[in-house]
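Work through the two exercises below with the model open. Try each task before reading its solution.

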Amino acid sequence: MTDPTLRLASYNIQKCIGLDLRRLPRRTLQVIEGTGAQIVLLQEADKRLPPRPAALPHFVLNEAGWQIVNLGGAGSLGWHGNAILWRCQTVKMRDQGHIKLPGFEPRGAVWATFDTAIGPIRVIGAHLGLTGKARHEQVLHLARESANFDNTPLVWGGDFNEWSRSPVLDHLAPDMTFIAPRPSFPALRPIGALDRMAVGPDLQVTAHGVYRERPAHIASDHLPVWADLRRA
């Protein structure tokens with residue numbers, strides 16, 4: 001009997017506006033569902049201007065059976081554009097919260113703890129800054145905040161905005177192992193591995209990749225990344 005796995009995905013949905021400049025939330029949902037993930041971290045999930053309503057409406061997700069971690073204000077899907085979804089009978093959410101990130105731009109991370117088929121797991125979703133200095137400060141801050149949690153197995157994921165293929169962020173969080181990055185941006189001809197994941201020592205990555213099936217090539221300027229996880 002093989003050990004169970006859990007699929008986690010991360011996707012910058014660009015407010016559901018595709019490369020054809022059309023806002024089509026159900027097209028975005030089609031891509032999310034195509035990843036086969038049980039838990040999904042989203043970036044740019046809310047519209048830009050206050051009160052920052054959800055770009056991917058709650059009712060669209062609810063109709064498809066997705067549950068939403070309650071992280072934002074009224075009408076928002078997440079916090080600072082970061083959201084967490086899940087859809088699986090074997091996944092139950094325990095708790096959730098926010099992490100304010102340093103930097104000139106208003107940035108934040110979100111987290112949630114789940115009971116899953118591979119045991120309890122905590123996920124942190126983030127959208128890091130545009131400058132190298134900001135990204136370094138933010139990864140250091142995430143590492144410090146992560147150390148304050150209990151020993152629940154941990155996964156980071158999100159749009160890290162890091163173009164370099166060298167491990168420039170990895171040494172900033174020595175307790176985390178970054179999954180080998182693969183190009184996810186821009187969606188039509190991806191060359192930059194902006195979207196990344198990292199796991200703690202209690203988790204093993206059995207497979208990972210970039211989801212490229214249509215309409216992912218046009219639904220956002222990013223492609224989703226995914227990873228299959230099991231207990232180490």
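## Exercise 1: the cavity

Strand S10 (195-199), strand S11 (203-210) and strand S12 (225-231) each give at least two residues to the lining of the largest cavity. The model is predicted.

**Task.** State how many cavities of 30 Å³ or more the structure holds, and describe the lining of the largest cavity by class.

**Solution.**
1. Count first. The structure has one cavity of 30 Å³ or more.
2. Take the volume. The largest cavity encloses about 100 Å³ of space.
3. Find the residues around the centre. The lining has 13 residues, and Ile 179, Ala 180, Asp 195, His 208 and Val 225 are the closest to the centre of the cavity.
4. Sort the lining by class. Eight residues are nonpolar, two are polar and three are charged.

## Exercise 2: Asp 159

**Task.** Place Asp 159 in its strand, decide whether Asp 159 counts as buried or exposed, and list its contacts beyond four places in sequence.

**Solution.**
1. Locate the residue. Asp 159 belongs to strand S8 (residues 154-159).
2. Check accessibility. Asp 159 counts as buried because its relative accessibility is 1%, and the cut-off for buried is under 20%.
3. List the contacts. Leaving aside neighbours within four places in sequence, Asp 159 touches Asn 12, Gln 43, Ala 126, His 127, Leu 128, Leu 194, Asp 195 and His 222.
4. Look at the side chains. Those of Asp 159 and His 127 form a polar contact of 3.1 Å.
5. Relate Asp 159 to Val 225. The two are 66 residues apart along the chain, with their C-alpha atoms separated by 9.8 Å.
6. Link back to the cavity. Asp 195, a contact of Asp 159, is among the lining residues closest to the cavity centre.

Notes: Residues are numbered from 1 along each chain as its sequence is written. This is a predicted model: local features need pLDDT of at least 70, side-chain atom pairs count only at pLDDT 80 or more; totals for chains, interfaces and linings use all residues. Side-chain values use heavy atoms; hydrogens and water are left out. On a 1 Å grid over the protein atoms alone, a cavity is a set of points where a 1.4 Å probe fits but cannot get out, and a pocket is an open set with protein on both sides within 12 Å along at least five of seven lines; lining residues have an atom within 4 Å of a point. Grid points are joined across faces, edges and corners, and a volume is the space filled by probe spheres set on the points. Helices (H or I, at least four residues) and strands (E, at least two) are DSSP runs, numbered from the N terminus. Ala, Val, Leu, Ile, Met, Phe, Trp, Tyr, Cys and Pro count as nonpolar, Asp, Glu, Lys and Arg as charged, and the others, Gly among them, as polar. Buried means under 20% relative accessible area, exposed over 50%, partly exposed in between (1.4 Å probe, protein chains only). Contact means heavy atoms within 4.5 Å. A polar contact is a pair of N or O atoms within 3.5 Å; within protein, one must be able to donate a hydrogen and the other to accept it, and residues adjacent in sequence count only if both atoms are side-chain atoms.
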